[in-house]
Amino acid sequence: IEKYVEALIKYRDNLVPVIGDELFYVEGEDCTLHEFITKCFEQDFPAVAVNVSEEERQLMCDGGYDGLTLLSHRYNVDNNYESKYIGYIENYRNRIRLNDAIKEYIQKTRPNLIVTTSSFSLLEKELGLDKQSSFWYSIDDNQTKNKDILSPKGMIVYHLFGEAEAPMPEWVYNDISLLKFIHCLHDKNSSPDGLTQYLRRRFLLILGCKLPNWFFQFILYPLNKELIINKRGHLQGFWLRDKNDEPLPLKSF
């Protein structure tokens, strides 16, 4: 990622970064946030941990949403997974950091919009933003119809998978909540139109997100529905992967 930072700055007016959870790490632990959360569950539920295969554990640590789903299946002991996960984030929030190269990139380019897969206000903390900079996708029609109007001023952090920090959190952390989210996202009355309008004339850059490629395109469909239906053009983007030498083009719609 570091080798692309300077080149990306040239296109600062045309990029909408998408930040995945794997770009966060826990200070002093020398590991990603998902790796650390996995360790926390293993320590609290050792009887479950011994029955987790190495392949499953690797997916938990590195699999982004897939890893989060597997964690929820494995460690939903006494139906307390959600509260335990939120508790780990809250307890170690002051030690959670964003990848230095990405933080430098954001501070240099100051993008108007960052779309994040995180359901916690970790980016806002790292970038010194206030709560007014946060937009949380909600599957409640009454909240989303008029809520998601993005201002072109300042920096907006758009939490694609909802909010886990509210008194009654509603966020995507397992396959059931994912299906509920997708069903609502594809409803014309509750898809995030503010985000659709913002992305219409821009390019989408996925800096770090381990959602499967097909899944991300599935989510992008309602975000770009006007472009598709009216055939006004194609929204393109680049998915940066650390194992490749060049940015890979996302499929154009």
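This passage walks through the salt bridges, two local residue environments and the aromatic pairs of a predicted model.

Starting with charge pairs, a search across the whole structure turns up 13 salt bridges. One of them brings together the side chains of Arg93 and Glu165, with an N to O distance of 2.3 Å. This pair ties together distant parts of the chain, as its two members sit 72 residues apart. Arg93 belongs to the loop between helix H6 (81–91) and strand E4 (96–98), while Glu165 is found in the loop between strand E8 (162–163) and strand E9 (170–171). The two partners also fall into separate accessibility classes: Arg93 has a relative accessible area of 14% and so is buried, whereas Glu165, at 25%, is partly exposed.

A more local case is the salt bridge between Glu104 and Lys108, at 2.9 Å from N to O. Both residues sit in helix H7 (residues 100–109), and because they are 4 residues apart there, about one helical turn separates them. Here both ends are partly exposed, with relative accessible areas of 35% for Glu104 and 37% for Lys108.

Glu126 and Lys125 make another salt bridge through their side chains, this time at 3.9 Å from N to O. The cut-off for a salt bridge is 4 Å, so the 3.9 Å of this pair falls within that limit. Glu126 is buried at 10% relative accessibility, and Lys125 is partly exposed at 32%. Elsewhere, salt bridges with shared partners knit Glu35, Lys39, Glu42 and Arg57 into one network.

Turning to single residues, Ser119 lies in the loop between strand E5 (113–116) and helix H8 (122–127). Its relative accessible area is just 4%, so Ser119 counts as buried. Leaving out residues up to four places away in sequence, Ser119 touches Trp136, His159, Phe161, Gly162, Glu163, Ala164, Glu165 and Trp171. That list includes Glu165, the salt-bridge partner of Arg93. It also includes Gly162, whose backbone oxygen lies 3.4 Å from a polar atom of the Ser119 side chain.

Arg74, for its part, is located in helix H5 (residues 65–74) and is partly exposed at 29% relative accessibility. Once neighbours within four places in sequence are set aside, its contacts are Val48, Asn51, Val52, Glu56 and Met60. With Glu56, the Arg74 side chain makes a side-chain polar contact of 2.8 Å. Asn51 is 23 residues away from Arg74 along the chain, and the C-alpha atoms of the two are separated by 9.3 Å.

As for the rings, the count of aromatic pairs comes to 15. Among them is the stacked pair of Phe41 and Phe45, with 6.2 Å between centres and 20° between planes. Both residues are buried, Phe41 at 0% relative accessibility and Phe45 at 14%. Tyr85 and Phe120 are stacked too, because their ring planes meet at 25°, with the centres 6.1 Å apart. This second pair bridges distant parts of the chain: Tyr85 is in helix H6 and Phe120 is in the loop between E5 and H8, 35 residues apart. Both Tyr85 and Phe120 are buried.

These two pairs feed into a bigger picture. Phe41, Phe45, Tyr75, Tyr81, Tyr85, Tyr88, Phe120, Trp171 and Tyr173 are linked by ring pairs into a cluster. One of its members, Trp171, is also among the residues that Ser119 touches.

Methods
Residues are numbered from 1 along each chain as its sequence is written. This is a predicted model: local features need pLDDT of at least 70, side-chain atom pairs count only at pLDDT 80 or more; totals for chains, interfaces and linings use all residues. Side-chain values use heavy atoms; hydrogens and water are left out. Buried means under 20% relative accessible area, exposed over 50%, partly exposed in between (1.4 Å probe, protein chains only). A polar contact is a pair of N or O atoms within 3.5 Å; within protein, one must be able to donate a hydrogen and the other to accept it, and residues adjacent in sequence count only if both atoms are side-chain atoms. Contact means heavy atoms within 4.5 Å. Rings of Phe, Tyr and Trp (its six-membered ring) pair if their centres lie within 6.5 Å; planes under 30 degrees apart count as stacked, over 60 as edge-to-face and the rest as tilted.
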